[in-house]
Amino acid sequence: MSNYESSWMNDELRMYRKSVREFIQEEFLPRQARWREQHRPDAEAWKQAGQTGLLLPDVPEEYGGGGGSFAHQAVVTEELAQAGVHFGCGVQSIVSHYILKYGSEEQKRKWLPAMAQGELVGAIAMTEPSAGSDLQAIKTTARRDGGEYVLNGSKTFITNGAHAGLVCVAAKTDLKAAGFRAISMIVVETKNLAGYRVGSSLEKVGMHEIDTCELFFDDVRVPSANLLGTVEGVGFSQMMEQLRYERLMIGVGAVATAEQAVAITTKYAKERKAFGQALIDFQNTRFKLAQCKTESHLGRVFIDNCITRFIAGQLDPVTAAMAKYWLTECQCRIVDECVQLHGGYGYMTEYPIARMWMDSRVQRIYAGSNEILLELIGCSL
Ligand SMILES: Cc1cc2nc3c(=O)[nH]c(=O)nc-3n(C[C@H](O)[C@H](O)[C@H](O)COP(=O)(O)OP(=O)(O)OC[C@H]3O[C@@H](n4cnc5c(N)ncnc54)[C@H](O)[C@@H]3O)c2cc1C
């Protein structure tokens, strides 16, 4: 038994956790099979999540958000991870933080309350078929034409793509400038938008409940007022700044998943018998679980430190990169070991550990692949 509790936890957050947990158990869990089959959540799930306070928990109340801190976002991320439910509300929060940080007062008032209510679903579109890690090489363009931008290009692997009514698009506004100065973030309102098309949900290895899509822009016109920020050409630095938040959130999910993997595997090892004894009575099983538990606890202490520093405005990009890199590697090691300890049942998708294994793999790839993060950490040496 461990009496460790995250230093950022308090009574108000405990109550919030309880309501988030109950909501996920009652409203999301029973619908998982259908969501996985249709490769997207039901549209009304977004509004339900909004009404329950799951969306934009760390956005100020004056813009319709929960008025909390990153601790509230961490609670939502942890509860979803522990329940094994994947829902794009993390991306919703990421988009809201772009608007909160760089948007005009008018943009904040127009979009944030609708996002908090789940009436407007957000997506962030950086990756393209020929440019993922190398974001400066994107080809999507936004040409200024009077009071509008005209967007052309395509994006891929976009989370929430099917439901998104608001897409924050990275596009080149200046083809002559150096890569990092050429990019701007432009907010696209997709409803009834001429020239905008969403491909069908992509077939993924895991996270089947989430809609991950290709987006196509063919002479799409948006008001020039939809530029995020006061000047063009700062999109790359905006992305680099906001990726800190995204990487921290992925680290939070990684730790919660690893802890859950250890918990369910310990339970399984106590119940399952082989050679006349419970699996946990084999020294190998105990040692493997002991190693996993130790590693997940190290992860917990690290992420709690990162969360506390982020709330205090002190989390630097390199530490956020370390958290995403190390904690997702740790998550995948632990989950894989736990599959092994389940034997053949660990390979059956009706067992949560098998789904956890499929869902975990992508954590090392998106939001900056772990190799790119090692480069970033390496630059600080
Ligand atoms: C399920 C899912 C959801 C996603 N959601 C979104 C989303 O909502 N929005 C969005 O914009 N994107 C999203 N992505 C895209 C994701 O961020 C990219 O897949 C990721 O950044 C890697 O880019 P890539 O796929 O083009 O791989 P590549 O850049 O082609 O990389 C291929 C391999 O080469 C390695 N590599 C590349 N450059 C270097 C280097 N300099 N040094 C060492 N190794 C290197 C990479 O680490 C990787 O192992 C999502 C992806 C997935 C799978």
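Buried, as the word is used in these legends, means under 20% relative accessible area. The model shown in every view is predicted.

**View 1. Helix H11 and the residues that it buries against its neighbours.** Helix H11 spans residues 352-360, and its buried residues are Ile 353, Ala 354, Met 356, Asp 359 and Ser 360. These buried residues of H11 pack against two other helices, namely H8 and helix H10, the latter covering 317-341.

**View 2. The packing of helix H10 with helix H11.** The axes of H10 and H11 lie 9 Å apart, and the two helices pack at an angle of about 150 degrees. That angle makes H10 roughly antiparallel to H11, because angles over 145 degrees count as roughly antiparallel. The crossing in which H10 passes H11 is left-handed. On the H10 side the contact is made by Gln 331, Cys 332, Val 335, Asp 336, Cys 338 and Val 339, which meet Ile 353, Met 356, Trp 357 and Ser 360 in H11. By residue type, the contact of H10 with H11 divides into 7 nonpolar, 2 polar and 1 charged. Ile 353, Met 356 and Ser 360, which appear in this contact, are also among the buried residues of H11.

**View 3. The packing of helix H8 with helix H9.** Helix H8 (residues 235-271) and helix H9 (residues 283-311) pack with their axes 9 Å apart and at an angle of about 155 degrees. The two helices are therefore roughly antiparallel to each other, and H8 passes H9 in a left-handed crossing. The residues of H8 that meet H9 include Arg 244, Tyr 245, Leu 248, Val 252, Val 255, Glu 259, Val 262 and Ala 269, while those that H9 brings to the contact include Leu 289, Cys 292, Lys 293, Arg 300, Ile 303, Ile 307 and Phe 310. Taken over the whole contact of H8 with H9, the residues divide into 13 nonpolar, 6 polar and 4 charged.

**View 4. Strand S4, enclosed and paired with strands S1 and S5.** Because 7 of the 7 residues of S4 are buried, this strand is largely enclosed by the rest of the structure. In a regular strand the side chains alternate between the two faces of the sheet. In S4, Leu 166, Cys 168, Ala 170 and Lys 172 point one way, whereas Val 167, Val 169 and Ala 171 point the other way, and all are buried. Strand S1 (residues 122-125) is joined to S4 by 4 bridges, and these two strands run parallel; within this pairing, Ile 124 has Cys 168 as its bridge partner in S4. Strand S4 (residues 166-172) also pairs with S5, here in the antiparallel sense and over 7 bridges. Along this second pairing, Val 167 has Val 188 of S5 as its bridge partner, and Lys 172 has Ile 183 of S5. Strand S5 itself (residues 183-189) is mostly covered, with 6 of its 7 residues buried.

**View 5. Strand S7 and its pairings with strands S3 and S6.** Strand S3 (residues 148-159) and strand S7 (residues 212-223) run antiparallel and are joined by 10 bridges, and the bridge partner of Asn 152 in S7 is Asp 218. Strand S6 (residues 196-198) also runs antiparallel to S7, to which 3 bridges join it, and Tyr 196 stands opposite Phe 217 in S7.

Methods
Residues are numbered from 1 along each chain as its sequence is written. This is a predicted model: local features need pLDDT of at least 70, side-chain atom pairs count only at pLDDT 80 or more; totals for chains, interfaces and linings use all residues. Side-chain values use heavy atoms; hydrogens and water are left out. Buried means under 20% relative accessible area, exposed over 50%, partly exposed in between (1.4 Å probe, protein chains only). Two strands pair if DSSP finds at least two bridges between them. Axes are lines fitted to C-alpha atoms, for helices over the stretch in contact, and angles run from 0 to 180 degrees between N-to-C directions. Angles under 35 degrees count as roughly parallel, over 145 as roughly antiparallel, 65 to 115 as roughly perpendicular and the rest as oblique. A crossing is left-handed if the near helix is turned anticlockwise from the far one by less than a right angle, and right-handed if clockwise. Contact means heavy atoms within 4.5 Å. Ala, Val, Leu, Ile, Met, Phe, Trp, Tyr, Cys and Pro count as nonpolar, Asp, Glu, Lys and Arg as charged, and the others, Gly among them, as polar.
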